[in-house]
Amino acid sequence: MRYAGHAVLAAVVLFLIGPFLVIAAAGLSAGDTLTFPPQGLSLKWITAVFGMENFRQSFVLSLWLAVGSTALALLFGVPAAYGLARYPVPGRDFMRSIVFTPVIVPGIIAGLALLRHAVIPLGLPVTTALILAHTVLVVPYAVRVVTASLEHLRTDVEEAAVILGATRTGTFFRVVLPNIRNGILAAFILGFVTSFNQVPVSLFLTGPGITTLPIDMLASMEFVYDPSIAALSALLALMSMAIVMIAEKMLGLSRYV
Amino acid sequence: MFEDRRIGIALAAPAVLFVMLAFLLPVGILLSGSVTTPGGWGISRFTTFFAEPLYQEVVWRTLRLGALVTLASAAIGYAAALAIVDTSPATKGRLVGLFILPLMISPVARTYAWIVILGRTGLVNQVVTGLGLSDEPLRLLFTETAVFIGLVQLFLPLMVLSLVSALENLPADVVPAARVLGANWIAVFFRVILPLTREGLVIGGTLVFTGAVTAYITPAVLGGSKVLMLETLLYQRVSVANDYVSASVIAVILIAMSVAANALLKRAAAARKR
């Protein structure tokens with residue numbers, strides 16, 4: 001029974017991880033068409049990807065978008081999590097459910113709605129639209145993770161600080177914030193990954209010339225048959241792995257997922 | 001010190017207002033398009049939508065794939081989760097990490113791997129033609145099977161992680177007790193393990209089902225225009241035909257599926273607290 005279990009587990013792990021090995025091998029191909037097994041190994045396509053202007057531009061946009069929208073989401077999310085966790089706000093559950101609605105509504109609908117009923121009528125530029133959409137998407141994660149971390153912080157340390165003469169604002173910045181720092185960092189990493197990998201929300205909001213990396217890759221798949229997208233996919237997987245491993249070592253990220 | 005509710009409201013207001021204005025308002029206007037008819041209000045948009053055989057097929061396929069992916073994930077998930085909780089704590093931690101990791105990797109990269117595996121010159125076809133099983137490469141991409149495989153690979157970790165945490169809460173002696181009392185492994189699974197981990201199964205199943213029916217990347221890349229699901233149909237209707245009416249109807253269907261699944265999740269979570 002136990003051996004059967006281990007065999008099944010090995011098969012499942014192979015099914016889950018195997019495709020990454022395949023794509024890494026395909027990306028390391030020395031040939032000019034996408035095949036597996038690759039026609040010889042080389043770093044040709046890995047280096048070629050760095051020189052491709054369109055991917056470089058969309059990578060930079062995705063990076064700024066992920067950093068900017070996560071930072072904005074935390075500016076909205078941290079005070080909201082704190083206010084709702086500590087104060088007897090009337091309709092607290094209702095407010096929480098409003099903040100969590102972006103998780104329930106499929107991203108493609110959010111993107112289309114924003115395009116048709118906000119971006120076009122108000123004449124917003126593409127980058128503003130993307131920032132808005134990604135921030136909305138990350139706010140629920142920010143509130144959830146920061147709330148979880150506030151629940152572990154006893155309120156009497158804050159009371160002690162106030163009794164000893166600190167202001168409320170001072171208490172928040174000098175007592176609360178240092179204590180929930182790991183939660184905020186975890187929320188930042190989760191938000192960054194969510195935004196960086198996001199496709200459906202951005203689908204209708206990107207324009208020609210201004211596009212995010214995953215959407216650029218999707219569009220390129222239709223006419224690119226060389227190993228460049230495989231090489232890029234392998235690099236992205238490697239980047240995510242590095243982020244997750246560092247985060248796990250530093251913060252124990254898996255507690256917040 | 002936390003009695004002043006006005007401070008709490010002031011702290012929460014920006015986030016709540018932001019989500020309402022930048023999200024709920026536009027989504028609400030979009031959804032209202034599905035019940036607005038030339039003569040006022042009504043459900044005629046829905047009846048027109050469901051009268052179209054292609055759209056019926058897409059709705060049916062989306063539900064079918066959602067159900068099949070959930071079932072397959074549950075079956076594979078139990079086998080994997082049972083084997084994981086059986087290992088030492090250190091190994092278990094590493095294995096759980098192995099299931100979290102793919103969730104952080106770009107779904108575009110994860111889906112593209114299947115093109116390399118299932119494509120005309122991909123792994124499977126190299127093996128098939130190499131062994132002389134077929135002269136022509138098999139057409140594996142742009143089939144429902146390809147979408148099914150891609151979706152299972154994408155969402156299986158969510159099921160495994162839910163089941164692992166449910167199995168961890170299973171009292172250690174119930175399985176040996178059932179065995180001593182004469183139950184075989186099949187009876188142990190269906191009459192002891194399954195009922196006691198039902199909530200984990202519901203939570204994992206809801207996440208997988210919602211993820212599968214609202215997936216865009218997998219059907220777009222592995223299904224193309226031959227195997228449309230609701231999200232790819234929505235995209236196609238808007239980008240090819242500017243058909244915002246069908247888009248709003250699809251949006252209502254998708255949100256209804258998502259809300260129904262989340263209501264189920266809430267009930268399972270409430271049952272756990274009791």
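Mentor: Start with the cut-off. Two residues are in contact when their C-beta atoms, placed from the backbone, lie within 7 Å. Keep in mind that this is a predicted model.

Trainee: Which residues does B:Val116 touch, leaving out those up to four places away in sequence?

Mentor: On chain A, B:Val116 touches A:Val22, A:Ile23, A:Ala26, A:Leu34, A:Phe36 and A:Ala230. On chain B, its partners are B:Gly122 and B:Leu123. Each pair counts as a contact because the C-beta atoms lie within 7 Å.

Trainee: What makes B:Val116 part of the largest nonpolar core?

Mentor: A core of this kind joins buried nonpolar residues through C-beta atoms within 7 Å. Buried means 20 or more other C-beta atoms within 10 Å of the residue's own. B:Val116 is a member of the largest core, so it meets that count. The core has 166 residues, and B:Val116, A:Ile23 and A:Ala142 are those with the most contacts inside it.

Trainee: Which element of chain B gives this core its largest share?

Mentor: Helix α7 of chain B, residues 144-168, supplies 16 residues, the largest share. Domain 1 (1-32) and domain 2 (44-273) of chain B each give the core at least three residues.

Trainee: How far apart are the C-alpha centres of those two domains of chain B?

Mentor: The centres of domain 1 and domain 2 lie 33 Å apart.

Trainee: How many residues of chain B are in contact with chain A?

Mentor: There are 73 on chain B, in contact with 76 on chain A. Helix α1 of chain B, residues 5-32, brings 19 residues to this side, the largest share.

Trainee: What is the make-up of that side of chain B by class?

Mentor: It has 57 nonpolar, 11 polar and 5 charged residues. Gly counts as polar, so any Gly on this side falls among the 11.

Trainee: How many helices and strands does chain A have?

Mentor: Chain A has 12 helices and 0 strands. Its C-alpha atoms fill a box of roughly 70 × 60 × 35 Å along the principal axes. Of its 257 residues, 47% count as buried. Among contacts in chain A between residues at least 6 apart in sequence, 73% join residues at least 24 apart.

Trainee: What are the confidence scores of the model, and what is the mean pLDDT of chain B?

Mentor: The model scores ipTM 0.91 and pTM 0.91. For chain B the mean pLDDT is 90, and 99% of its residues reach 70 or more. Where pLDDT is low, the predicted coordinates should not be read in detail.

Conventions
Residues numbered from 1 in each chain as written. Chains lettered and ligands numbered in written order. Predicted model: local features only at pLDDT ≥ 70, side-chain atom pairs only at ≥ 80, totals over all residues. Helix = DSSP H or I, 4+ residues; strand = E, 2+ residues; numbered from the N terminus. pLDDT = per-residue confidence, 0-100. Buried ≥ 20, exposed ≤ 12 C-beta atoms within 10 Å, placed from the backbone. Domains from an automatic or database assignment.
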